[in-house]
Amino acid sequence: MEPMFSPPLHRQRHQFVIDFVKRNKTKKVVDLGCSECSLLQKLKFHREIELLVGVDIRGAIVKKKMHGLAPVSTDYLQPSYDQLRVELYQGSVTQKDARLRGFDLVTSIELIEHLTLADVERFSEVVFGYMSPGAVIVSTPNSEFNPLLPGLSGFRHSDHKFEWTRAEFKSWALKVCLEYGYEVEFTGVGQAPPGQQERVGFCSQIGVFQRLGGSESCSMLFGDDAEDVFSYTLLYSVNYPSLHDNNILRRVLVSEVLYWAEKLKSRWMEERTGESQRQAEDGEECFGASERHMEMGEKQTACGSEVKTPVEQWDRGVPGQQEGEEQQVFWRNGLGRQESCRSRRCVSVPLAVLWSCCPKVNALSGSLSNLRHFLMDDPKVRLSQDGSAVLLNVQEQDAEEEEDHDVVEDSGYAEASRCSHSAEPEEDWEANV
């Protein structure tokens, strides 16, 4: 049998919620009757949401699917400034729990028809009276549409306690608005065949409730007299990686700094090798590291930006030191203590160059002083003694290639070292239509 709705009806309901979240920049959302967490799994990709909560009375079903809401590898490898926490609870929508108060949006998708009419009254009191969210989206079957559903006799699901007409749904919704201070707009998903929409309405009718009075009304409800009840059982919770966490920010920043420092070092060494070859062809002699410097105004491109190479001249010789002899180089370790070792070959890259030429390093650190602060606390990074440059090792093969020169050349960036460190219920008929 050909599907009656395209996209399928459950996807249209979910998309309705997603569109509402995107339009209203909703930050805190709870899905009542979350079941297999399918709506939550879609909402987690919309990072305007900071807190995403699901509640269902059937804890076993939630547990089977809850790990689908866990962060994936890319969330750890490429964290953003967005913050997201996910919580899943086992509990009844007719019971109060203080952890669900103050949300921007509560969704109840094809849920209330599974409740007795007495429980619907308790549901109304809990959701609109106690939780008092900024908005509530309620969807429920429209019984007037049922004659158009092929092969359906009776209710759409064996567990449904009722299925309302549009007039019955409207009567309940307006009563809720009057009692708890909301306004409602009626709409739906699943359009009827041409010429029948006005007669039967949508297959799933939807009420979008907005609280009157805004945040001021909400704050009055959550005064000292508010009832603190914790009746739900927490089944799962997770915080997504975020750059608001300083530990994660430091890890990402250090990774970027080391990547671009190595890239700039490699570029300088390639340029130096080419220059040495040209000098050899012209019969010119190579200058020692203490005699070389880089002219202001020389341009190079890094991280997609054009930057000026700073004037750097480092005299690394020590009085009385013979050419080719090892020298002692100092740096700061991750605990701020000074360390040293002896080395002939070393490269350094000033933090000012990294901060000015690499947009991501600039954006993550915010300022040159912040960049220095983050790097000084990290054991993976070696800074020069004054904390102005990143020190990098020159690889063994690079050193071997320069054995014949018997000189130690400066990177043009700074002093260097080669020292090592150590819910939703599925409708029976939807499977066929």
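## Helix α1, two cores and some unusual backbone

Colleague: Let's start at the end of the helix. What phi does Lys25 take just after α1?
Modeller: Most residues other than glycine have a negative phi. Lys25, just after α1, takes a positive one; helices here are DSSP runs of H or I with at least four residues, strands are E runs of at least two, and both are numbered from the N terminus. The phi of Lys25 is about 55°.

Colleague: Good to know. What pLDDT do side-chain atom pairs need in order to count?
Modeller: Residues are numbered from 1 along each chain as its sequence is written, and side-chain values use heavy atoms, with hydrogens and water left out. This is a predicted model, in which totals for chains, interfaces and linings use all residues, local features need pLDDT of at least 70, and side-chain atom pairs count only at pLDDT 80 or more.

Colleague: Back to α1, then. How far does α1 reach from its first C-alpha to its last?
Modeller: α1 covers residues 9-24, which makes 16 residues. The expected span is 1.5 Å times one less than the number of residues, and for α1 that is 22 Å. The model comes close to this, with a reach of 23 Å.

Colleague: Which elements do the buried residues of α1 pack against?
Modeller: Among the buried residues of α1 are Leu9, Phe16, Val17 and Val21; buried means under 20% relative accessible area, exposed over 50% and partly exposed in between, with a 1.4 Å probe and protein chains only. The buried residues of α1 pack against two groups of partners: the helix α2 (38-43), and the strands β1 (28-32), β4 (105-109), β5 (135-141), β6 (182-189) and β7 (204-211).

Colleague: Which element gives the most to the largest nonpolar core?
Modeller: A nonpolar core is a set of buried Ala, Val, Leu, Ile, Met, Phe, Trp, Tyr and Cys residues joined through side-chain atoms within 4.5 Å. The largest has 38 residues, and Val17, Leu43, Leu52, Leu88, Leu105 and Ile137 touch the most other members. Elements giving two or more residues include α2, β3 (85-90) and β8 (233-239). With six residues, the top contributor is α1.

Colleague: And how many residues does the second, separate core hold?
Modeller: Leu51, Tyr89, Trp164 and Trp172 are included in this second core. Its size is 33 residues.

Colleague: Which residues does Val17 touch, leaving out those up to four places away in sequence?
Modeller: Contact means heavy atoms within 4.5 Å. On that basis, Val17 touches Thr107 as well as Leu39, Leu43, Leu105, Ile109 and Ile137.

Colleague: Which residue is joined to Ser6 by a cis peptide bond?
Modeller: Most peptide bonds are trans. In this bond omega is about 0°. The partner lies in the segment before α1, and its name is Pro7.

Colleague: What is the relative accessible area of Cys37?
Modeller: Cys37 lies in the loop between β1 and α2. Although not a glycine, Cys37 has a positive phi of about 65°. Cys37 is buried, and its relative accessible area is 0%.

Colleague: One last site: which side chain makes a polar contact with the side chain of Asp97?
Modeller: Asp97 is found in the loop between β3 and β4 and is buried at 2% relative accessible area. A polar contact is a pair of N or O atoms within 3.5 Å; within protein, one must be able to donate a hydrogen and the other to accept it, and residues adjacent in sequence count only if both atoms are side-chain atoms. The backbone nitrogen of Ser231 lies 2.9 Å from a polar atom of the Asp97 side chain. The side-chain partner, at 2.8 Å, is Arg99.
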